[in-house]
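Me: I want the reasoning behind the labels, one at a time. Can you take me through it?

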Amino acid sequence: MKILIDKNKCTGCKKCIPSCPYDAIVMKGKLATIDERCTLCGACLEACPFDAIALSNQMEKIRMDVSSFKDIFVFIENSHGKIERVSLELLSKAFELAKVSKQKVAAVLIGDDVKSLSQELKKYNLNKIIIAEHEFLKNYETLRFTKVFGGIIKKYKPSIVLFGATPLGRDLAPRVANMVQTGLTADCTEFAIDKESGLLLQTRPAFGGNLMATIVCRDHRPQMATVRPGVFNIPTTSSSGKKNSVEHFEVELTQNDAQSEIIEEAIESIEHANLANAKIIVSGGRGMGEKRNFKLLYDLAKALGAEVGSSRAAVDALWIDHEHQIGQTGKTVQPDLYIACGISGAIQHLAGMSNSKYIIAINKDKEAPIHKIADLSIVGDLFDIIPKLIKTINNTKYPITNNC
Amino acid sequence: MNIIVTIKQVPDTLAITVDPETGTLNRKGVPSIINPEDKNAIEAALMLKRKHGGSVTAISMGPHQAQDVLREALCLGVDRAILLTDELFAGADTLATAYTLSSAIKKIGNFDLIIAGHQAIDGDTAQVGPQLAGFLNIPQITNVVDMKISASGNHYYIEAKSKFGHLVRKVRAKLPSLITVVKETNRPKYTTINGILNGYRKREIECWNCDDIKAAKHRIGLIGSPTSVLKTKWVEHKRKGKTIKGSPEKIADEIIKFMEKKEIKGAYSI
C-alpha cells in the first residue's frame, strides 16, 4: 500500500508539507510529491484542502514500514539537576529487551545544561546518549518538548520508546504519539518481546487494576509506552570503561514554539513518604481505630527500618496524609515485606501492594479478604501484637542495613 | 465562554469486590456510571459558566447506552449534549478516540476551552485529553487543580495551577486550550430536583455518526487504532499462606523467625 498524491487535484498550495512528521513531502515544481522518507503514518491524508492525498487502498489499515525502525530509546526525565528514578528503572528493562531482540539502547536527555546528567548516564551500558539542549528547554513545556522529541524520532526512527508514567511523562508521551501518529500504551508493568513477530508485548493493568491487558502495536512505529514507576529495578552500573557515544541533537526553537507559559514552579513542601524505595512497609487501615494509634506503626517502622503506609480508609478518616496511601487511587509499592495492620484487603488496596514479595496480615476479623493473599496470616489484635513485636525486635537487635 | 466537556460512561471499577468463597472478582451487576473525574470536569465547566457566562456542551463517544451519562450531564446543568455513536467507532484505542472527538469538535466549531477528566477508571490511560489537544493543535495543561480566566490585550488566557506530583506549576495558555482535571480539583455537586426536571425537558441528546462528523473511516475504530489488545487476564489475588496463632509473644517470635528465614532487611532508618 502507498500514499498517493493525485496530480490532477494537487494545486501546489503546500498545505500538506508541515503535516508530515518525517518531512517526506517535497515540491517538484508545482506539484507535491512523496519521497522515500514516507513511513505510511497517514498524518498527511487529511491535510490537503483539495483531497489530493489518498491511500492506494482506502479501507486497508495503515501499515507503516516497520522494518526501518530499530533500537530502544528511553526518555530520561529530569528536573532541578536530578534524573527521575523511574528513567533509570526503564534503562534496566530496556537493556533486557535489547539483549533478547538484538537491539541497542539509547537515552534521550532533553533540557538545558544537562551535561552533568549525561555524565551520570555514562555509568550504564548505553549505546548512545542523545542530548537535546536549549535554554527554552529549561522548564518543561508540552509543545517544545513534543517538537524536540518528535524530531528525534524522525531522525533516529527507534522501534521502541519508553517514558516513565509520571505526571510529566503522561503529559508528554501522548502528545508525542499524536505527533508521529503511532500507538501508545499507558502505565505498563511488564514487557516482553514476542519470539515470532518481534513485537513488543506491553502488559498493563486496566479496570482499576483488576484486569491485566497485553497490548501490541503491530503496524505503527515507534512502539511507545509509559511505564509505572517502582516496578523495575535500577540497572547495575558498568565499569567496563566502554565509551558511550554522546550525540547532540540540534534544537531549533523559537519563542513562538511554546503553547503555554510557566508563570511559577514550586515544590510543595509536604510530608514525604519514601514508599517507592522501601524494603519493608508497615501499613495501617480502618482497624487502627484512631489517628494517634498510628504512632504504634511509626514505632514499629522505626524499629524495622521501614516506611509507613496506609489504606484509603485511614486517609479518608484523616488519620494520615494521602502521601502514605497505597492502592488503586494511591501508590503502588513492591517492598520485600508488607505488614498490613487492621486492613481488610479490599481489591482497591490490593491493586497497590499485591506485588509485594511477602505479605503479613494482622487483622482480628478472620473473614477479612487480606488473609487470602497473606503469606503469614494472623487473626489477632494488633494492639497486643505490635507492641510485643517492637519489644522483641529491639531486644534481639534485628538487623537493619542502611542501604542509601 | 463556550466550553466543551468530554465525558465517558464506564463500569464502576472502584466498586468491584471479590467473591469471598471463590476469591474471584464479582463482575456481574457492576453498574455503569459517568467516569468520576468527568464529573469534576463538568463541575469546573459549570463554575466557569457561572462566572463568565456562555454555554457548556458535553460530548461523549460510545454505544447508545452512553446517553445515560449525557442525560446526567444535562441534569447537572450543561446546555447541550452530543453522543458520537456509530458501529465504526467501536474498538477504538486512545488515538482513534481522540481523532473521532476532534472531528466532532471541528464540526461544533467555536469553542474557548475543552475540559476533560484526567483519566477514565476503565482504560486508566489519561491519554485521550492530550491526544485530542494534539489533533486540534491547541495548548494542553494536565493535572489542573485550580483555574481562572484572564484577559490580556485582545486575547483570553487560562491560568491554571497544575500539579506534577510534588511540583506545583502555574501555567498560562492562550485560549482555545484543553485542560484535564483531577478529583482534587473540586467537589462535584449533586443534581437538584430542578436540574433533573430541566435535564429531561430541556433538550434532546444529539446523536452523530461517522458521516455527520466527516471522520475518515481508516482513522476511527479498530481500523484506526495503532494499538490492539492481544490478550487479557483477570487478576486473582491469592497466596498459599500460613496462619499462626497463639499469644502475642509467640506471634511476635514467629514474625521475626519468618523475616529471618526470608532474609528480609529494612533499608532506611527513619
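**Labels and their grounds**

Reply: Chain B has a radius of gyration of 23 Å, whereas a compact globule of 270 residues would have one near 18 Å. This is a predicted model. The C-alpha atoms of chain B fill a box of roughly 75 × 45 × 45 Å along the principal axes. Six helices and 13 strands make up the count for chain B.

Me: Why are α8(A) and α6(B) called oblique to each other?

Reply: Take the angle. Helix α8 (residues 382–396) of chain A packs on helix α6 (residues 248–261) of chain B at about 55 degrees. Roughly parallel needs an angle under 35 degrees, and roughly perpendicular needs 65 to 115. The angle of about 55 degrees fits neither range, so α8(A) and α6(B) are oblique. Their axes lie 8 Å apart. The crossing of α8(A) with α6(B) is right-handed.

Me: Which residues of α8(A) and α6(B) meet?

Reply: From α8(A) come Asp384(A), Ile385(A), Lys388(A), Leu389(A), Thr392(A) and Ile393(A). From α6(B) come Pro248(B), Glu249(B), Ile251(B), Ala252(B), Asp253(B), Ile255(B) and Ile256(B). By class, the residues of this contact are eight nonpolar, one polar and four charged.

Me: What makes β19 of chain A and β13 of chain B edge strands?

Reply: Each pairs on one side only. The residues are 307–310 for β19 of chain A and 242–244 for β13 of chain B. Their sheet is open, has six strands and pairs in parallel. Its order is β19(A)-β18(A)-β20(A)-β21(A)-β22(A)-β13(B). From one strand to the next, the twist averages 20 degrees.

Me: How do you know that β18 and β20 of chain A pair?

Reply: Count bridges. At least two are needed. Strand β18 (residues 280–284) and strand β20 (residues 337–341) of chain A have five, and they run parallel. Opposite Ser283(A) stands Ala340(A) in β20(A). Helix α5 (residues 294–304) of chain A lies across β18, β19 and β20 of chain A. Its direction is at about 170 degrees to β18(A). Angles over 145 count as roughly antiparallel, so α5(A) is roughly antiparallel to β18(A).

Me: Which strands are the edges of the ten-strand sheet?

Reply: They are β17 (260–267) of chain A and β11 (206–208) of chain B, each paired on one side only. This open sheet runs β17(A)-β9(B)-β8(B)-β7(B)-β10(B)-β6(B)-β1(B)-β4(B)-β5(B)-β11(B), with mixed pairing. Its twist averages 25 degrees from one strand to the next.

Me: What makes β4 and β5 of chain B a pair?

Reply: The bridge count again. Strand β4 (residues 55–61) and strand β5 (residues 80–84) of chain B share five bridges in the parallel sense, and two would suffice. Ala58(B) faces Ala81(B) in β5(B) as its opposite residue. Helix α2 (residues 67–76) of chain B lies across β4, β5 and β11 of chain B, at about 170 degrees to β5(B). That is over 145, so α2(B) and β5(B) are roughly antiparallel.

Me: How do you know that β2 and β3 of chain A pair, and in which sense?

Reply: Strand β2 (residues 25–28) and strand β3 (residues 31–34) of chain A are joined by four bridges, in the antiparallel sense. The threshold is at least two bridges, so they count as paired. Leu31(A) in β3(A) is the bridge partner of Lys28(A). The hairpin has two residues between its strands, and Gly29(A) takes a positive phi near 70 degrees.

Notes:
Residues numbered from 1 in each chain as written. Chains lettered and ligands numbered in written order. Predicted model: local features only at pLDDT ≥ 70, side-chain atom pairs only at ≥ 80, totals over all residues. Heavy atoms only, no water. Axes fitted to C-alpha atoms, helices over the stretch in contact; angles between N-to-C directions. Contact = heavy atoms within 4.5 Å. Left-handed = near helix turned anticlockwise from the far one by under 90°. Nonpolar A, V, L, I, M, F, W, Y, C, P; charged D, E, K, R; others polar. Rg over C-alpha atoms; globule rule 2.2 N^0.38 Å.
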